[in-house]
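Thank you for making the time this morning. I would like to take you through the open and enclosed spaces of one protein, and then through its packing.

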Amino acid sequence: MSTTSLVSPDDIRDRFSKAMSAMYQAEVPQYETLLKLVEEVNRETLERDSALAERLAAHDELNRLGVERHGAIRVGTAEELAMLRRLFAVMGMHPVGYYDLSEAGVPVHSTAFRPIDDAGLSRNPFRVFTSLLRLELIESPTLRERAAAILAERDIFTAGARELIALSESQGGLSDEQADRFVAEALETFRWHRNATVDLDTYEALHAEHRLIADVVCFRGPHINHLTPRTLDIDEVQKRMPAAGMNAKDIIEGPPRRHCPILLRQTSFKALEEPTHFKGERQGTHTARFGEIEQRGVALTGKGRALYDRLLGASREKTQGLANEAHQQALAEVFAEFPDDEATLRREELAFFEYRLTDAGRAADAGHETNLDALIAQGLVTARPITYEDFLPVSAAGIFQSNLGGAQNDAYAGHANREAFEAALGASVTDELALYAEREAASKEKVLKRLDRATAD
Ligand code: OOG
Ligand code: NI
């Protein structure tokens, strides 16, 4: 019998996200400025909107408002991706969703490693958007082979990280001391290295094909390229970024500002030029790392998502070339068609909700309806929007592009290949819609069972 007591994967993820945040603030001081700005706007928003403050407090959200919501990395080979899957699993983070970015002219496909269950999400929702470079989309065989050869030379994991991952797998978790060591070792994979592994000419050749290829191929590891805190008012932070010295991305990605927020809105400060040493004693710069903020709303059903995609598509022509404020206004006009009250979103099955008993519902006794609408009308049950925990491919493409100097290559488009991604990952990715649907169904069943049992009590 083992005498080691194991810490929960959620706890390891919490330690890891905090260590990543400290490391990134030290590496990219402008990110620390962004965190301060977000904190300031969040504080002012809560002071202004006491209903929001109360709702967040009731949902136990206030104490983790300051923790980062996500980060992103890009890797070069199937082996790296497969090992990352095992590394993230130690922290209760599993691959959810498949994102094809080739459609947007970026030669990668991606998933998000994230906690899946309610307890994990509410403990610390930190997730990592992880992209795999698709060398097969590089047209020049010489360049493709050169890139593959450079990548074959590196090991992005420390020996200690590899040992602790294997140990976690064999003993079913890590002890407190092992977890601390694991976090320190894992952090090394995500650290910035100012020494490139190639000479400047090689860097420039890869950069000319696509800036992202140079970013993935020319360094010792997949440096974390951004972290993203949660803001309660993304429009306000966007507005204040320039005065705080940040070069803000032109527009906020995602849906417009609404009464009932849906999905995910994001913006960022643009990637900074960082001094880089190349082999052969040459100095240069590399531009990859930025800071982002996000504001999340309710998860949409397949039907709601189809409506979102249609309206976003319809807005494209109208918003083309507009500055943020005019862009937001045009977007809002197109999205007027999307119902903006919780009752309609629920009734029309556009969004996912979690059902709970009210105090009256918990005290209820005999024979109740099994119709949820009736139970809600009677004040026995409430429906609460389920937060969207994933990403949006069009928004992700916008974030990629704003940090790649607008470069894109249409020749990459039309190459979704989920099978190849899963083969590289060594596992299948979970379907995000199925996760929300399961949560909604489970909450419905629990509520109805309880009211049913109340009749027998
Ligand atoms: C990832 C960009 C996508 C998001 O929030 O949509 C992303 C990257 O630049 O590597 O992080
Ligand atoms: Ni991001």
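Which residues lie nearest the centre of the second largest pocket? Keeping in mind that what you see is a predicted model, the answer is Ile 251, Glu 253, Arg 316, Gly 398 and Gln 401, out of the 30 residues that line this pocket. Helices α12 (302-319), α13 (324-335) and α17 (393-402) are the elements that each give two or more residues to that lining, and it is α17 that provides the largest share, with 7 residues. The second largest pocket has a volume of about 890 Å³, and its lining divides by class into 10 nonpolar, 13 polar and 7 charged residues.

Let me turn to the largest pocket, which holds about 1500 Å³ of space. Its lining is made up of 48 residues, and those nearest the centre are Arg 55, Leu 56, Arg 230, Arg 296 and Thr 387. Several elements give two or more residues to this lining, among them the helices α2 (29-48) and α3 (50-58) and the strands β10 (282-296), β11 (353-357) and β12 (381-385). The largest share comes from α3, which contributes 4 residues. As for the character of the lining, 23 of its residues are charged, 16 are nonpolar and 9 are polar.

From the pockets I move to the enclosed spaces. How many cavities of 30 Å³ or more does a search of the whole structure find? There are 3, and the largest of them contains about 120 Å³ of space. It is lined by 14 residues, of which Ala 72, Phe 129, His 226, Ala 396 and Ile 399 are the closest to its centre; the elements giving two or more residues are β2 (70-75), β10 and, once again, α17. In terms of class, that lining consists of 7 nonpolar, 5 polar and 2 charged residues.

The second largest cavity, with about 50 Å³ of space, has among its lining residues Arg 74, Arg 211, Asp 215, His 286 and Asn 403. Here the elements that supply two or more residues are α10 and β10, and the lining has 3 nonpolar, 3 polar and 3 charged residues.

Next, the packing. The largest nonpolar core has 69 residues, and the ones with the most contacts inside it are Leu 101, Leu 206, Tyr 308, Phe 338 and Val 381. Helix α10 (residues 211-217) gives the most to this core, namely 5 residues. If we take Leu 206 and leave aside its neighbours within four places in sequence, we find it in contact with Leu 143, Ala 147, Ile 150, Ile 213, Ala 214, Val 217 and Cys 218. There is also a second, separate core of 57 residues, which includes Val 7, Phe 88, Phe 126 and Ala 179.

Leu 206 also brings us to helix α9 (residues 200-209), where the buried residues are Leu 200, Thr 202, Tyr 203 and Leu 206. Viewed down the axis of α9, these buried residues fall within an arc of 160 degrees, and therefore they line one face of the helix. What, then, covers the buried residues of α9? The cover includes α6 (141-152), β7 (195-199), α10, β9 (264-279) and β10. On the face turned away from the buried side, α9 carries the exposed residues Asp 201 and Ala 208.

That is where I will stop, and I am glad to take questions.

Technical notes:
Residues numbered from 1 in each chain as written. Chains lettered and ligands numbered in written order. Predicted model: local features only at pLDDT ≥ 70, side-chain atom pairs only at ≥ 80, totals over all residues. Heavy atoms only, no water. 1 Å grid on protein atoms, 1.4 Å probe; cavity = no way out; pocket = protein on both sides within 12 Å on 5 of 7 lines; lining within 4 Å. Points joined across faces, edges and corners; volume = space filled by probe spheres on them. Nonpolar A, V, L, I, M, F, W, Y, C, P; charged D, E, K, R; others polar. Core = buried A, V, L, I, M, F, W, Y, C linked by side-chain atoms within 4.5 Å. Buried < 20%, exposed > 50% of the residue type's maximum accessible area, 1.4 Å probe, protein only. Contact = heavy atoms within 4.5 Å. Arc of directions from axis to C-beta.
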